[in-house]
Amino acid sequence: MWYSSRFRRHLCDMHIDDWSPEFLSEFSPEEYVENLKRAKINNAMLYFQSHVGLCYYPTKSGKMHAAFAGKEDMMRRVCQLCQENDIKVTGYYSINYNTWAHDQHPDWRMIKENGISRREEGDTPGEEMAFASKKAARYGLCCPNHEEYRQFVYTQVDEMLEYFPMDALFFDMPFWNHTCYCQKCQARWEKEYGGEIPRNAKPGTKEYALLIQAKHAWMGEWALALTAYVKDKRPELPVEYNYAAAIAGNADRGCADLVNQASDYVGGDLYGGMLEHSFACKFYRSATRNQPFEYMFSRCKPALRMHTLTKSLDEMKTSVAVTAAHHGATLVIDAIDPCGTMDERVYERIGQMFDMQLPYEPYFKGEMLGDIGLYYSPQSRYSPREGTHHSLQSCVALAKGLIQRHIPFGVTGAYEDFSCYPYLAAPALTCQDQEKYQRLIDYVENGGTLYLSGGECRELVEELTGATLSGVTEATRIYAAPTKEYAQLFGWFNEKYPLPFEGAVPVLKNVDSKDIAAVLVNPYTRHSEMRYASIHSDPPSSHLTEIPMIVVKKRGKGKVIWSAATIEGMEYPEYQGIVQKLILGEDYRASIESNAPAHVEFTLFQLENALQVNAAVLSNDVTAHTVPRFEIQVKAEKVPKRVFIMPEQKEVPFRYEEGYIVFEARPLHIFDMYQIEF
């Protein structure tokens with residue numbers, strides 16, 4: 001498909017109301033496309049409608065933006081100009097977020113526990129909209145469980161397909177902003193689960209688990225139904241959903257595997273730093289059904305709410321570099337001025353940004369390699385107890401530790417075959433993933449090494465350890481003391497000075513003592529007690545318990561490592577070092593080794609008769625600082641013919657030692673690509 005070779009993408013937000021005649025009065029199709037050309041864009045996402053609900057075409061089912069009256073074909077003209085300039089067009093449509101439909105059709109509204117919609121509450125802060133306005137009342141939410149609302153969306157899809165020449169359709173906001181208590185949701189809940197939708201359900205309860213299950217099923221069913229509707233009309237038209245909510249926010253948003261299944265390729269806009277960016281690229285790359293995935297970032301700093309604050313050129317280049325290191329497509333997001341103009345200076349800067357990427361695009365090929373896979377579950381993004389980490393927090397912390405040690409890794413999950421990874425970490429899983437447990441069991445049986453943490457995935461822990469989970473510890477500040485066999489893996493920590501952890505942990509009983517790598521040490525007094533041993537803290541007592549904190553057990557051809565505490569969620573290098581040694585072994589040598597600084601990330605790709613090594617600087621600085629020369633060692637079974645730097649194909653001297661290709665990298669400014677030819 002066309003999207004396989006389009007790596008420079010763009011979206012200009014047009015969530016503009018029409019109460020003032022000034023709004024969009026200066027919109028020009030010609031200027032819009034000239035700016036795309038300045039920015040060297042080859043795939044433009046164009047607004048056919050917005051969160052406001054107003055359409056940018058002559059709709060019969062809704063309301064067209066007032067600025068388009070008498071010049072209804074302006075957005076169609078943008079499409080035509082794009083196609084004349086070899087810029088593929090993706091149409092934008094906002095589902096669920098539609099303020100006009102919310103106001104016109106009260107029956108369609110998402111309803112909160114208090115019986116009214118979020119918009120009806122008035123000027124209530126909406127913290128979940130951190131990337132945009134925090135005024136919740138601006139956003140009218142429509143419930144996808146209302147059949148009339150669905151028919152309205154289908155009708156508008158028909159209108160857009162008929163009116164616009166387009167190459168793809170993008171559906172934004174496929175998630176629940178809050179639990180909906182409208183009559184349609186209540187009726188569906190009663191039919192599928194019985195009783196009423198739970199109110200004030202807390203993480204760790206059966207009610208909360210059911211809510212998450214329902215939200216994923218319902219939002220996924222809506223996305224799959226909408227895609228099926230589009231494909232029935234235009235089978236060849238790619239469909240994409242914004243998959244940002246699979247990382248941003250909590251598990252109760254309902255954006256997970258089923259929404260991914262409804263997409264031809266994955267993309268999403270995220271607003272964290274470079275670590276989140278790198279993690280998301282790996283997640284999107286493995287989750288997408290077709291490459292390349294699409295990573296979206298805002299040209300405003302930190303997000304569009306700072307309308308006139310533009311990221312520096314180095315900040316933009318760094319974002320592009322991290323995506324390029326994973327062979328993904330970059331979509332940069334701008335926002336139109338209310339009057340309809342665009343800042344030419346921004347598009348000149350975006351063009352300079354893409355100038356860095358352009359020479360590398362022909363080499364975005366091959367399969368990404370990783371020594372270890374991080375099994376991330378969007379459904380498990382909640383902490384059942386205070387002090388514990390959820391799946392995303394744990395995986396991102398693990399990712400940071402691996403990046404700092406330059407170990408190549410991938411992010412995987414229920415959607416992908418992870419048997420290619422000899423090591424797999426699946427931290428903080430919950431009961432939401434129990435239907436997929438068998439794949440993890442098979443992975444271990446067939447020879448893989450699996451790391452688990454926590455006790456919410458009860459069936460999986462008990463099956464793989466052969467033991468029984470029985471409640472949680474009373475103390476919430478606890479310690480893990482290594483047994484003699486595993487003492488060397490714990491470095492500084494030992495029986496007298498054990499590893500600290502905050503939070504209650506599950507108790508595992510009937511464990512064979514030979515399989516225990518660390519045991520629980522309680523403090524002299526619990527944190528909640530008035531009496532104390534030390535006034536400022538709760539130091540460990542001198543008594544070891546028999547309760548396992550870490551279990552290492554052989555199973556089939558493989559091995560399972562279970563930690564009662566989510567220690568992998570702690571970003572301190574001491575914790576990450578212990579987890580890495582538990583999983584990989586103390587003397588493990590990675591596929592890539594380097595003396596580069598910890599903020600340099602390497603990705604590794606297998607090409608036909610070649611290996612590709614990408615180096616990207618994970619920096620959040622306004623100005624990029626050049627990294628001095630460093631050494632790279634790449635594991636290989638044979639001596640290569642040559643090593644060269646791309647795209648110049650300038651040869652680099654190398655040597656072959658003990659199964660590693662060793663060469664010196666040139667000073668690194670943001671991004672470099674090396675190729676090893678065999």
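**Exercise 1. The lining of the largest cavity**

Determine how the residues that line the largest cavity of this predicted model divide into nonpolar, polar and charged.

*Solution.* Step 1: the lining of the largest cavity divides into 10 nonpolar, seven polar and two charged residues. Step 2: the space enclosed by the largest cavity is about 100 Å³. Step 3: 19 residues line the largest cavity, and those closest to its centre are Pro-384, His-389, Gly-454, Glu-456 and Thr-566. Step 4: for context, the count of cavities of 30 Å³ or more comes to two.

**Exercise 2. The second largest cavity**

State the volume of the second largest cavity, list the residues by which this cavity is lined, and identify which element gives the most to the lining.

*Solution.* Step 1: the volume is about 60 Å³. Step 2: the lining consists of Trp-176, Thr-179, Cys-180, Cys-185, Trp-189, Ile-197, Leu-211, Lys-215 and Trp-218. Step 3: two elements, α5 (183-192) and α6 (206-233), each give two or more residues to this lining. Step 4: α6 gives the most, with three residues. Step 5: by class, the lining of the second largest cavity comprises seven nonpolar residues, one polar and one charged.

**Exercise 3. Cysteine pairing**

Establish how many disulfides the structure holds, and explain why Cys-431 and Cys-457 are not bonded to each other.

*Solution.* Step 1: a disulfide requires two cysteine sulfur atoms within 2.5 Å. Step 2: for Cys-431, the closest cysteine sulfur belongs to Cys-457 and lies 9.7 Å away, so the two are too far apart for a bond. Step 3: the search from Cys-457 leads back to Cys-431, again at 9.7 Å and too far for a bond. Step 4: the structure holds zero disulfides. Step 5: as to surroundings, Cys-431 is partly exposed at a relative accessible area of 29%, whereas Cys-457 is buried at 1%.

**Exercise 4. The setting of His-326**

Locate His-326 in the chain, decide whether His-326 is buried or exposed, and describe what its side chain reaches.

*Solution.* Step 1: His-326 occupies the loop between α9 (313-324) and β8 (329-335). Step 2: its relative accessible area is 0%; buried means under 20%, so His-326 is buried. Step 3: the His-326 side chain comes to 2.7 Å from the backbone oxygen of Val-322. Step 4: with neighbours within four places in sequence set aside, the contacts of His-326 are Ser-278, Cys-281, Lys-282, Arg-285, Phe-293, Met-368, Glu-601, Thr-603 and Phe-605.

Technical notes: Residues numbered from 1 in each chain as written. Predicted model: local features only at pLDDT ≥ 70, side-chain atom pairs only at ≥ 80, totals over all residues. Heavy atoms only, no water. Buried < 20%, exposed > 50% of the residue type's maximum accessible area, 1.4 Å probe, protein only. 1 Å grid on protein atoms, 1.4 Å probe; cavity = no way out; pocket = protein on both sides within 12 Å on 5 of 7 lines; lining within 4 Å. Points joined across faces, edges and corners; volume = space filled by probe spheres on them. Nonpolar A, V, L, I, M, F, W, Y, C, P; charged D, E, K, R; others polar. Helix = DSSP H or I, 4+ residues; strand = E, 2+ residues; numbered from the N terminus. Polar contact = N/O pair within 3.5 Å; in protein donor to acceptor, adjacent residues only side chain to side chain. Contact = heavy atoms within 4.5 Å.
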